[in-house]
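Grab a coffee and work through these exercises with the model open beside you. Each one gives a task, then a solution in steps.

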Amino acid sequence: IEFGNWRGGVAPDGISAADRKALVDTMDRLAKSATWKETLKKQNWEDAYLAGDAFGEAMKTESARIGTVLRSIGLTQ
């Protein structure tokens with residue numbers, strides 16, 4: 001099995017639409033920055049940036065996938 005090393009920013013339930021947009025916009029700018037692109041190259045990291053709902057859906061899918069594997073090998077119920 002392959003596991004990615006995910007990182008993400010999260011906010012509490014009830015965040016306003018304006019605050020959510022501001023956070024997503026900030027992360028979008030950072031992910032597109034020359035500094036980040038240089039860091040990706042230097043570290044030989046794959047760029048798998050996802051924002052907003054796409055990130056949330058990917059985390060749900062990944063959590064279900066990993067849970068299935070862990071149950072199948074008896075590490076969790």
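**Exercise 1. Write down the order of the secondary-structure elements along the chain.**

Step 1. Going along the sequence, you get the pattern α-α-α. That fits the tally for the chain: three helices and zero strands. Helices (H or I, at least four residues) and strands (E, at least two) are DSSP runs here, numbered from the N terminus.

Step 2. Before you go on, note that this is a predicted model, where local features need pLDDT of at least 70, side-chain atom pairs count only at pLDDT 80 or more, and totals for chains, interfaces and linings use all residues. Residues are numbered from 1 along each chain as its sequence is written, and side-chain values use heavy atoms, with hydrogens and water left out.

**Exercise 2. Work out how the chain's radius of gyration compares with that of a compact globule of 77 residues.**

Step 1. Get the yardstick. The radius of gyration is taken over C-alpha atoms, and the globule rule is 2.2 Å times the number of residues to the power 0.38. For 77 residues that gives a value near 11 Å, but the chain has 16 Å.

Step 2. Look at the spans. Along the principal axes, the C-alpha trace covers about 40 × 40 × 15 Å.

Step 3. Check burial. Buried means under 20% relative accessible area, exposed means over 50%, and partly exposed is in between (1.4 Å probe, protein chains only). By that rule, 8% of the 77 residues count as buried.

Step 4. Add the surface. The chain exposes about 6,500 Å², with carbon and sulfur atoms supplying 56% of it. These areas come from the Shrake-Rupley method with a 1.4 Å probe; for residues, only the protein chains shown count as cover.

Step 5. Finish with contacts, meaning heavy atoms within 4.5 Å. Take the contacts between residues at least 6 apart in sequence: 49% of them join residues at least 24 apart.

**Exercise 3. Find how many salt bridges the whole structure holds, and go through some of them.**

Step 1. Set the rule: a side-chain nitrogen of Lys or Arg must lie within 4 Å of a carboxyl oxygen of Asp or Glu. In general, side chains of opposite charge can pair when their charged atoms come close. The search turns up four salt bridges.

Step 2. Take Arg20 and Asp53, whose closest N and O atoms are 2.8 Å apart. Arg20 sits in helix α1 (residues 17-31) and Asp53 in helix α3, so this pair ties together parts that are 33 residues apart in sequence. Arg20 is partly exposed at 36% relative accessible area, while Asp53 is exposed at 59%.

Step 3. Next up is Lys21 with Asp25, at 2.6 Å from N to O. Both lie in helix α1, four residues apart, about one turn of the helix. Lys21 counts as exposed at 53%, and Asp25 as partly exposed at 27%.

**Exercise 4. Is Glu62 buried or exposed, and which residues does it touch?**

Step 1. Place Glu62: it belongs to helix α3 (residues 52-72). With a relative accessible area of 13%, Glu62 is buried.

Step 2. Find the charged partner. Glu62 forms a salt bridge with Arg65, the closest N and O atoms being 2.7 Å apart. The two are three residues apart in helix α3, about one helical turn. Arg65 is partly exposed, at 33%.

Step 3. Now skip the neighbours within four places in sequence: Glu62 is in contact with Gly4 and Trp6.

**Exercise 5. Look outside the helices and describe Tyr49, Asn44 and Gly9.**

Step 1. Tyr49 lies in the loop between α2 (34-43) and α3, and is partly exposed at 32%. Together with Met27 and Leu30, Tyr49 makes a nonpolar surface patch of about 270 Å². Patches are made of residues with over 30% relative accessible area and no salt bridge: like charges are joined within 9 Å, nonpolar side chains (Val, Leu, Ile, Met, Phe, Trp, Tyr) within 5 Å.

Step 2. Asn44 is also in the loop between α2 and α3, and is exposed at 70%. Most residues other than glycine have a negative phi. Asn44 has a positive phi of about 60° although it is not a glycine.

Step 3. Gly9 falls in the segment before α1 and is exposed at 63%. The C-alpha atoms of Gly9 and Met27 are separated by 8.6 Å, with their positions 18 residues apart along the chain.
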